[in-house]
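Here is a short tour for anyone who likes to look at charges and packing side by side. Have the model open as you read.

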Amino acid sequence: CMRQDAEITVEANPGTVDGEKFSQLRSVGCNRLSLGVQSFDNQALKKLGRVHSSEEAERAFTSAREAGFSNISIDLIFSVPDVAELAWQGSVDKAISLQPEHISVYALTIEEGTLFAKREGEGSLVTLTDDDDAMQYEWTRYKLLDSGFKQYEVSNFAQEGWVSRHNWGYWIGAEYLGIGLSAHSFIGGERFWNVGDIETYLQRVERNISPEGGRERIDGQTARRERFWLGLRTSQGVLLSEEELEILKEHSYINQHMEAKYLTIEKDRVLLAEKGWNIADGLAIELTDILEERSEVITQCV
């Protein structure tokens, strides 16, 4: 059975919902709303191919509040090409002014087959440099922290007491069950997923056949890599074994990055320091490479 205090989140596009729909969602038990606003700048929204306007996004937020949602998250996308810096900053300011419980900020990634990818291939799209991307992220991070939000993961910020439970679970390696087309699950050290073709999925479900499309057992090396790649992105960092702690403390790379304020070690955890949030993924790869190289050396010596 479901816990009485379960967090039940629904994602919504501001251009396809209204007060009545929000009220219906609340009436069936949904208690957390994630609004895919992406931007409060109409030019940026147009470039992103969104169907809603800035005004509609704000109305959707207000309608959700009126419908009884006391836990609302706003998604924003930065590093959108040909959008002025001030426009992005204005979007962040607007989001903060609405006083949501949670804000997620993601850098634009150009996926294959999209209009952005086509324009990039033609040379008509000027993407932001890595430095510009980093500067936008840093500005946003400090703005949200100064506004009372707590950063619990590289891209996720929450007011005190409003960390997204399901989101946090993914980052710390908790088990989860995915239901539906293409849904992924992680249980008992295995990751498995449902088929991605809608017709195949429906046929199997209607015939009472498992829609599972595949599964994999997470081996020791993969488990450690994922523990570092996911955990280092969070505010609590990665819990180290005694062997891992000893290896990292003795390595010159770690000492250099601790001095440069990219990493810090607190008791038995390695965490991001002030300058590390922007390069968390790269730092995680370096850490796992160090541990794997030492393990290989020990194995060869034995």
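Glu 292 touches Gln 221, Arg 224 and Arg 225, once its neighbours within four places in sequence are set aside. This is a predicted model, so these contacts come from computed coordinates. Glu 292 belongs to helix 12, which covers residues 280-301. Is Glu 292 buried or exposed? Glu 292 counts as buried because its relative accessibility is 10%, under the 20% cut-off.

For another acidic residue, turn to Asp 131, which sits in helix 6. Asp 131 has a relative accessible area of 59%, so it is exposed. The table puts these two residues side by side.

| Residue | Helix | Relative accessible area | State |
|---|---|---|---|
| Glu 292 | helix 12 | 10% | buried |
| Asp 131 | helix 6 | 59% | exposed |

Asp 131 also has company at the surface: together with Glu 85, Asp 130 and Asp 132, Asp 131 forms a negative patch. Which helix gives the most to this negative patch? That is helix 6 (residues 130-146), with three residues.

Now for the whole chain. Its side chains include 31 positive and 51 negative ones, and the centres of these two sets are 4 Å apart. The secondary structure consists of 12 helices and 12 strands, and the C-alpha atoms fill a box of roughly 65 × 55 × 45 Å along the principal axes. Of the 302 residues, 40% count as buried. The chain exposes about 16900 Å², with carbon and sulfur atoms supplying 50% of that area. Among contacts with a separation of 6 or more, 60% join residues 24 or more positions apart.

Note on methods:
Residues numbered from 1 in each chain as written. Predicted model: local features only at pLDDT ≥ 70, side-chain atom pairs only at ≥ 80, totals over all residues. Heavy atoms only, no water. Patch = residues over 30% accessible without salt bridge, like charges linked within 9 Å, V, L, I, M, F, W, Y side chains within 5 Å. Areas by Shrake-Rupley, 256 points an atom, 1.4 Å probe, with all protein chains shown as cover. Salt bridge = Lys/Arg side-chain N within 4 Å of Asp/Glu carboxyl O. Lys, Arg positive; Asp, Glu negative; His and termini not counted. Charge placed at Lys NZ, Arg CZ, Asp CG, Glu CD. Helix = DSSP H or I, 4+ residues; strand = E, 2+ residues; numbered from the N terminus. Buried < 20%, exposed > 50% of the residue type's maximum accessible area, 1.4 Å probe, protein only. Contact = heavy atoms within 4.5 Å.
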